[in-house]
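Here is a short round of questions and answers on how residues and contacts get their labels. Look at the structure, then follow the reasoning step by step.

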Amino acid sequence: MNINKKLAVIMAGLPARGKSYLSLRLQRYLEWQGYRARIFNVGAYRRESLGPASSKSDFFDPRESAFSRERERIAKRCFADLAGWLESGGEVAIYDATNVTASRRAYLKDECERRGFAFVFVENICDDPGIIEKIIWIKLEHSADYTGFGRDAARADFTRRLGHYEGVYEPVSDVAHMKIINFGLSVVRAYGLGNPFLDEIADFLGAVNLMDKEVFLTRHGETYFNCEDRIGGDSPLTDKGVEYAGRLAAHFKGRDLVVFTSAKRRTIETASFFDCERVVLPELNEINSGLCDGLSYAEITEMHPEVSEARSDDKFNFRYPGGESYRDLIQRVKKAVIRIEAEKRDVLVIAHRAVNRCLVSYFIPTPPEEVPYIEMPLDRIIRIARLNAHYGCDWKVI
Ligand code: F6P
């Protein structure tokens, strides 16, 4: 954990700028790494407290002072719950609301300072009509505010709501913040805290985009080490492995694709028949088995019985002497996750058994203790596609 304080990530921006989408994605990314991360969504508090009438655009009219007071009251109640959660064991709380006025942000900043929370504002700015249109339709389709509305009525009411916010919007300038512009087209970092954890959050949020790309994972073709059940090393492919490499390239021919491999000979050889862009990412190298590198599982049991035993007790946390655990591996593979997120084309990852297990568990939430046992045979392609549900933030394995 790089932060020694509790962290509040506070979203800001006009409606339909992707705040909820980015909040969900960030929560997933952090939970995958083992953080206790939770989203506090002010809209959900409003609906629960005031019901569907509060979803109509009139409720957001700044000239209606009674409604404005209600909105502030609900925002504060939601923040109080967030604070209570951080104070009772939470680690990163994401406050998902528009927070478009300087006065609201001043309140949130004071509260964070008073309670000793680290905080950062994340302002989402979009001026690309294509992106805005896409987010509007994601919102109209998924937000509980618009269930029961017809398409045209929902769109018209939402446009009025947006107009109310545009009238009072003051861009973030006064507090520690980052600005995500047009979904990662550029990221402005103005928090000035020199905090690596906030840098990582900025890298992640700046990478996420709205493309409906697909992600494919496969292991390298068969190697001589595989035939002997040996782990690690840098063995070349067997003839059967080379044949798989050829079939793999033929399978993807014609697709707009980028191929990511590890820096190991076996994945680079497996990618060698592709004529698209190929990128070597050392962070995709297989789990470092330290002292056991190059041994077969039978040899490990014979020569280092304590390793086999400790590994079968807790395979996720077990760290090979001089090497890594699955928990460590996630901390390395997360750099590749950011590269995958940033891509706009389909992505094929050619990597290794343990690495691919970690990647699958990013896309499909998996309890840590199950990650080292996810099925990951040679000669298979795992296709991961975005589901059109939950703001488009869920993925499925095909
Ligand atoms: O056997 C191939 C391999 O990729 C090894 O290099 C690696 O140590 C192992 O699989 C990871 O699988 P497990 O964690 O189940 O031993």
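Q: Why is Asn99 called buried?
A: This is a predicted model, and all values are computed from it. Asn99 has a relative accessible area of 0%. Buried means under 20%, so Asn99 counts as buried.

Q: Where does Asn99 lie?
A: Asn99 is in the loop between strand E3 (92-96) and helix H4 (102-115).

Q: What makes the phi of Asn99 worth a remark?
A: Asn99 is not a glycine, yet its phi is positive, at about 45 degrees. Most residues other than glycine have a negative phi.

Q: Which value does phi take at Asp229?
A: Asp229 has a positive phi of about 65 degrees, and Asp229 is not a glycine either. Its place is the loop between helix H8 (224-227) and helix H9 (239-252).

Q: Why is Asp229 called partly exposed?
A: The relative accessibility of Asp229 is 42%. Partly exposed covers the range between the 20% limit for buried and the 50% limit for exposed. The value falls in that range, so Asp229 is partly exposed.

Q: Why does Phe273 count as partly exposed?
A: Phe273 has a relative accessibility of 46%. Exposed would need over 50%, and buried would need under 20%. Phe273 meets neither limit, so the label is partly exposed.

Q: Where is Phe273 found, and how far is its C-alpha atom from that of Val242?
A: Phe273 is in the loop between helix H10 (265-270) and strand E9 (277-280). The C-alpha atoms of Phe273 and Val242 are separated by 9.4 Å, with their positions 31 residues apart along the chain.

Q: What makes Leu82 buried?
A: Its relative accessibility is 0%. The limit for buried is under 20%, so Leu82 is buried. Leu82 belongs to helix H3 (residues 65-87). From Leu82 to Ile39, the C-alpha distance is 8.4 Å, although the two are 43 residues apart in sequence.

Q: Why is Glu286 called buried?
A: Glu286 has a relative accessible area of 16%. That is under 20%, so the label is buried. Glu286 lies in the loop between E9 and helix H11 (297-303). Glu286 and Asp234 are 52 residues apart in sequence, and 10.0 Å apart from C-alpha to C-alpha.

Q: Which residues surround the ligand?
A: Glu286 is one of them. The others are Arg219, Ile231, Gly232, Ile287, Tyr297, Arg311, Lys315, Tyr326, Arg353 and Arg357. This shell divides into four nonpolar, one polar and six charged residues.

Q: How do you know that Tyr297 makes a polar contact with the ligand?
A: An N or O atom in the side chain of Tyr297 is 2.5 Å from a ligand oxygen atom. A polar contact needs a pair of N or O atoms within 3.5 Å, so this pair qualifies.

Q: What distances do Gly232 and Arg353 show to the ligand?
A: A polar backbone atom of Gly232 is 2.8 Å from an oxygen atom of the ligand. For Arg353, a polar side-chain atom lies 3.1 Å from a ligand oxygen. The protein covers 95% of the 400 Å² of accessible area that the ligand has on its own.

Q: Which pocket holds the ligand?
A: The ligand sits in the second largest pocket.

Technical notes: Residues are numbered from 1 along each chain as its sequence is written. This is a predicted model: local features need pLDDT of at least 70, side-chain atom pairs count only at pLDDT 80 or more; totals for chains, interfaces and linings use all residues. Side-chain values use heavy atoms; hydrogens and water are left out. A residue is near a molecule or strand if one of its heavy atoms lies within 4 Å of it. A polar contact is a pair of N or O atoms within 3.5 Å; within protein, one must be able to donate a hydrogen and the other to accept it, and residues adjacent in sequence count only if both atoms are side-chain atoms. Accessible areas come from the Shrake-Rupley method with a 1.4 Å probe; for residues, only the protein chains shown count as cover. On a 1 Å grid over the protein atoms alone, a cavity is a set of points where a 1.4 Å probe fits but cannot get out, and a pocket is an open set with protein on both sides within 12 Å along at least five of seven lines; lining residues have an atom within 4 Å of a point. A molecule sits in a cavity or pocket if more than half of its atoms lie within 2 Å of its grid points. Ala, Val, Leu, Ile, Met, Phe, Trp, Tyr, Cys and Pro count as nonpolar, Asp, Glu, Lys and Arg as charged, and the others, Gly among them, as polar. Helices (H or I, at least four residues) and strands (E, at least two) are DSSP runs, numbered from the N terminus. Buried means under 20% relative accessible area, exposed over 50%, partly exposed in between (1.4 Å probe, protein chains only).
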